[in-house]
Amino acid sequence: IKELAYTGNFGLDEMVPGLSMTVGEAVLSPTRLYAPMMWQVLHDFRPAISAIFHNTGGGQTKCLGFGEGVCYEKTDPLPLPPFFRFLQEATGYSLTDMARTFNLGSRMEVVCDRDAAAGIIAVSEAFNIQAKVIGEVTSTSQHRRALVLKHGAETVTLTSP
């Protein structure tokens, strides 16, 4: 099965720049479970929440499957974690390709009323989960959905089919 084995530029035992783990450890690290935190968020703020996205299986573009006539403007995202910077440099993927495939460090997103954001952030931080307001949802024309994603100096705009 040699032709099916990993043959990238980095060995699985090489260290990821900026992390204290190897490439293999980073790729196989377990996913954080958000159930206890989300139970509390839903218990305290359910009437103020209009959507929740767990950005797996579609990355940052998962939101494009939901809503009508909305634009998800993610213009102040969480910083890109070291592993994703490493992955982008190693693969040469564009921000568009990265956004379609990976969560880019923003694993869970809650779309809520502006007045509820501070309370939801406080619940997240009580569970030792970094959280912040990363943008807003605005309206678009023609019942389409759009995503504006900014990371660093780069901005991409994607629309639903």
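Which residue forms a salt bridge with Arg114?

This is a predicted model: local features need pLDDT of at least 70, side-chain atom pairs count only at pLDDT 80 or more, and totals for chains, interfaces and linings use all residues. Residues are numbered from 1 along each chain as its sequence is written, and side-chain values use heavy atoms, without hydrogens and water.

**Exercise 1. Find the partner of Arg114 and place the pair.**

Step 1. Apply the salt-bridge rule: a side-chain nitrogen of Lys or Arg within 4 Å of a carboxyl oxygen of Asp or Glu.
Step 2. The partner is Glu136, with the closest N and O atoms 3.4 Å apart.
Step 3. Arg114 sits in the loop between E3 and H5 and Glu136 in strand E4, so the pair ties together parts 22 residues apart in sequence. Strands (E, at least two residues) and helices (H or I, at least four) are DSSP runs, numbered from the N terminus.
Step 4. Check accessibility: buried is under 20% relative accessible area, exposed over 50%, partly exposed in between (1.4 Å probe, protein chains only). Arg114 is exposed at 66%. Glu136 is partly exposed at 38%.

**Exercise 2. Describe the salt bridge of Lys74 and Glu109.**

Step 1. Their side chains meet at 2.9 Å, N to O.
Step 2. Lys74 is in strand E2 (residues 70-74) and Glu109 in strand E3, 35 residues apart.
Step 3. Both residues are buried.

**Exercise 3. Characterise the surroundings of Asn103.**

Step 1. Asn103 lies in the loop between helix H4 (95-101) and strand E3 (108-112).
Step 2. Its relative accessible area is 14%, so Asn103 is buried.
Step 3. Beyond neighbours within four places in sequence, Asn103 contacts Asn55, Gly59, Gln60 and Phe84 (heavy atoms within 4.5 Å).
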